[in-house]
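Dear colleague,

I am passing on the structure we spoke about, so that you can have it open while you read. Please look through it at your own pace before going on to my notes.

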Amino acid sequence: MNIILIGFMGAGKTTIGRLLAEKLHTEQHDFDKIIVEQIGMSIADYFASYGSESFREIETKVLEQSLTLDGIISTGGGIVMKKENQHFLQGHPNVIYLKADLDELVHRVVLDKRNVRPLASSKSIDEIREVYLPRISLYEKSANLVIDTTTKKPEDIVQEILDKV
Ligand code: S3P
């Protein structure tokens with residue numbers, strides 16, 4: 001059994017996933033981390049050398065492999081970009097969309113200096129909005145639970161998830 005967290009960059013997939021895994025005494029599987037281990041370089045370097053399409057293919061393979069994983073799965077923000085991934089997520093019983101207002105997402109991404117994101121770091125808010133807007137409906141239709149994280153503390157978000165799953 002696993003729970004899959006989806007949502008835009010900065011939505012809290014990694015942080016909430018870690019806290020949720022701790023609470024449930026289970027493991028967290030972080031897609032970005034798994035992919036970095038597989039490709040042997042940073043995601044930013046991979047995007048620069050091989051492009052986003054190639055990254056998306058790796059992401060799809062990792063999603064398919066995640067069927068056998070127990071625990072909490074923190075996906076990357078672009079997981080909903082491929083049709084086959086949307087179908088996979090729609091057929092999964094526990095997919096949670098962590099959503100937040102764009103201003104808050106941008107604020108969190110800008111604050112996160114450790115994580116260089118090719119689709120957000122050193123981009124303007126208008127450029128990030130262009131990536132964000134077409135994804136909203138994809139996140140919504142790929143999830144069976146939506147949690148708004150805009151103004152909530154991580155601990156409260158985790159409690160809300162535990163109350164609802
Ligand atoms: C991406 C989000 C990133 C990472 C890559 C692409 C996206 O993950 O997978 O930079 O397309 O939204 P996070 O959502 O964990 O930042």
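Below I describe the surroundings of the ligand, then some annotated residues, and finally one helix.

Please keep in mind throughout that this is a predicted model.

Which residues surround the ligand? They are Met9, Lys13, Thr14, Asp32, Ile43, Gly76, Gly77, Gly78, Arg117, Pro118 and Leu119. Sorted by class, this shell is made up of four nonpolar, four polar and three charged residues.

Some of these residues also carry a note in the UniProt record, which is an unreviewed entry: its annotation "binding site" covers Thr14, and it also covers Asp32, Arg56, Gly77 and Arg135. I have looked at three of them in turn.

Threonine 14 is part of helix H1, which runs over residues 13–23. It counts as buried because it has 20 C-beta neighbours inside 10 Å, and 20 is just what the cut-off of 20 or more asks for. If residues up to four places away in sequence are left out, threonine 14 touches Asp30 and Ser74.

Aspartate 32 belongs to helix H2. Is this residue buried or partly exposed? Aspartate 32 has 19 C-beta neighbours inside 10 Å and therefore counts as partly exposed. Again without residues up to four places away in sequence, aspartate 32 touches Ile43 and Gly76, and both of these names appear in the list of residues around the ligand.

Glycine 77 sits in the loop that joins strand E3 (71–74) to H4. With 24 C-beta neighbours inside 10 Å, glycine 77 counts as buried. Its contacts, once neighbours within four places in sequence are set aside, are with Gly7, Phe8 and Met9, and Met9 is also one of the residues surrounding the ligand.

The last point concerns helix H3, which covers residues 43–65, and I would ask you to look along its whole length in the model. Although H3 has 23 residues, the C-alpha atoms at its ends are only 19 Å apart, whereas a straight helix would reach 33 Å at 1.5 Å a residue. Where is the kink in H3 centred? The kink is centred on tyrosine 50 and amounts to about 115 degrees.

The buried residues in H3 are Tyr46, Glu59, Val62 and Leu63. These buried residues pack against helix H2 (31–39) and helix H4 (83–90), so you will meet again here the helix that holds aspartate 32.

With best wishes

Key
Residues are numbered from 1 along each chain as its sequence is written. This is a predicted model: local features need pLDDT of at least 70, side-chain atom pairs count only at pLDDT 80 or more; totals for chains, interfaces and linings use all residues. A residue is near a molecule or strand if its C-beta atom, placed from the backbone, lies within 6 Å of it. Ala, Val, Leu, Ile, Met, Phe, Trp, Tyr, Cys and Pro count as nonpolar, Asp, Glu, Lys and Arg as charged, and the others, Gly among them, as polar. Helices (H or I, at least four residues) and strands (E, at least two) are DSSP runs, numbered from the N terminus. The expected span of a helix is 1.5 Å times one less than its number of residues. The bend at a residue is the angle between axes fitted to the seven residues ending there and the seven starting there. A residue is buried if 20 or more other C-beta atoms lie within 10 Å of its own, exposed if 12 or fewer, and partly exposed in between; C-beta atoms are placed from the backbone. Two residues are in contact if their C-beta atoms, placed from the backbone, lie within 7 Å. UniProt positions are given in the numbering used here, feature names are shortened, and annotations may be inferred rather than shown by experiment.
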